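The following exercises are intended to be worked with the sequence and the coordinates at hand. Please attempt each task before reading its solution.

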Amino acid sequence: MRESQLQQEDPMDRYKRENRRLQEASMRLEQENDDLAHELVTSKIALRNDLDQAEDKADVLSKELLLTKQRLVETEDEKRKQEEETAQLKEVFRKQLEKAEYEIQKTTAIIAEYKQICSQLSTRLEKQQAASKEELEVVKGKMMACKHCSDIFSKEGTLKPAAINREDQGVESDDEKDSLKKQLREMELELAQTKLQLVEAKCKIQELEHQRGALMNEIQAAKNSWFSKTLNSIKTATGTQPLQPPQATPPPKEST
């Protein structure tokens, strides 16, 4: 029936209707084409913007990566230099410590030797004083036993006032007096020299004690300096603030 109706219909109307239908389809397709084109342009613009942002971000990240690599290289170089410096400082302080310990041992040995010498000198001085007293007592005894000498000298060993005018009693008594005076002078001179040596030895011991105290201070200061520098190097390498060096405690002063 439809075919018969179409056959009965005027071809012009049918063509017009078909033309309208095709025009509507064409307009619909053009609208869809415009929509698709607009969507494509919008998508391209959005993609371009995203691509630009991604490229900018990639450039920023590349620059940051280069800076980070450069910083890493610089940090490694600085770390290597600090390690070398630390090793050199350790070696220097080790040598200084060994030298200071050797100086302390040497000074201690010298002090012990000087103390022994002082002790020997003191013992020798006491012995010489005792011997001098004994010899003086013997001389006094001989003088008191001698008739001429007892008239000239008193019991304390001084000349009597009355004996000054008796210079012409004989050459033998004068020679004996001169020899006794000479012996006394020699004994006094030897005693004075021994005392002088003892004083010099004590002064030398005091000087050595002072040097030992100075060496102990230098060793303590060197240890504190090495410790503080090592901590500062470690803290600087890790990016933290360096520690303050500990205060050096001075050793007790040697009594002079």
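Three exercises on this predicted model follow, each with a worked solution.

**Exercise 1. Overall architecture**

Determine how many helices and strands the protein has, and state what share of its residues counts as buried.

Solution. Step one is the secondary structure: the protein contains 4 helices and 0 strands. Read along the sequence, these give the pattern α-α-α-α. Step two concerns burial: 14% of the 256 residues count as buried, the criterion being under 20% relative accessible area. Step three turns to the surface, where the protein exposes about 21000 Å². Carbon and sulfur atoms supply 54% of that area. Step four considers contacts between residues at least 6 apart in sequence; of these, 67% join residues at least 24 apart.

**Exercise 2. Salt bridges in helix α2**

Identify the salt-bridge partners of Arg94 and of Asp52, and examine how each pair is spaced along helix α2.

Solution. A search of the whole structure finds 5 salt bridges, among them the three treated here. Begin with Arg94. The closest N and O atoms of Glu91 and Arg94 are 2.4 Å apart, and those of Arg94 and Glu98 are 2.7 Å apart; both pairs satisfy the 4 Å cut-off for a salt bridge. Next, consider the spacing: Glu91 and Arg94 are 3 residues apart in helix α2, and therefore separated by about one helical turn. Arg94 and Glu98 are 4 residues apart in the helix, which also corresponds to about one helical turn. Together, Glu91, Arg94 and Glu98 are linked in a network of salt bridges. Their accessibilities place each of them in the partly exposed class: Glu91 at 32%, Arg94 at 38% and Glu98 at 43%.

Now take Asp52. Its side chain meets that of Arg48 in a salt bridge, with an N to O distance of 3.6 Å. Asp52 and Arg48 are 4 residues apart in helix α2, so about one helical turn separates them. Asp52 is partly exposed at 28% relative accessibility, and Arg48 is partly exposed at 48%.

**Exercise 3. A charged surface patch**

Establish which residues form the negative surface patch, and classify Asp35 as buried, partly exposed or exposed.

Solution. First, list the members: Glu30, Glu32, Asp34, Asp35 and Glu39 form the negative patch. Second, locate Asp35, which lies in helix α2, spanning residues 11-145. Third, classify Asp35: its relative accessibility is 43%, so Asp35 counts as partly exposed. This value also meets the requirement of over 30% relative accessible area for patch residues.

Key:
Residues numbered from 1 in each chain as written. Predicted model: local features only at pLDDT ≥ 70, side-chain atom pairs only at ≥ 80, totals over all residues. Heavy atoms only, no water. Patch = residues over 30% accessible without salt bridge, like charges linked within 9 Å, V, L, I, M, F, W, Y side chains within 5 Å. Areas by Shrake-Rupley, 256 points an atom, 1.4 Å probe, with all protein chains shown as cover. Lys, Arg positive; Asp, Glu negative; His and termini not counted. Charge placed at Lys NZ, Arg CZ, Asp CG, Glu CD. Helix = DSSP H or I, 4+ residues; strand = E, 2+ residues; numbered from the N terminus. Buried < 20%, exposed > 50% of the residue type's maximum accessible area, 1.4 Å probe, protein only. Contact = heavy atoms within 4.5 Å.
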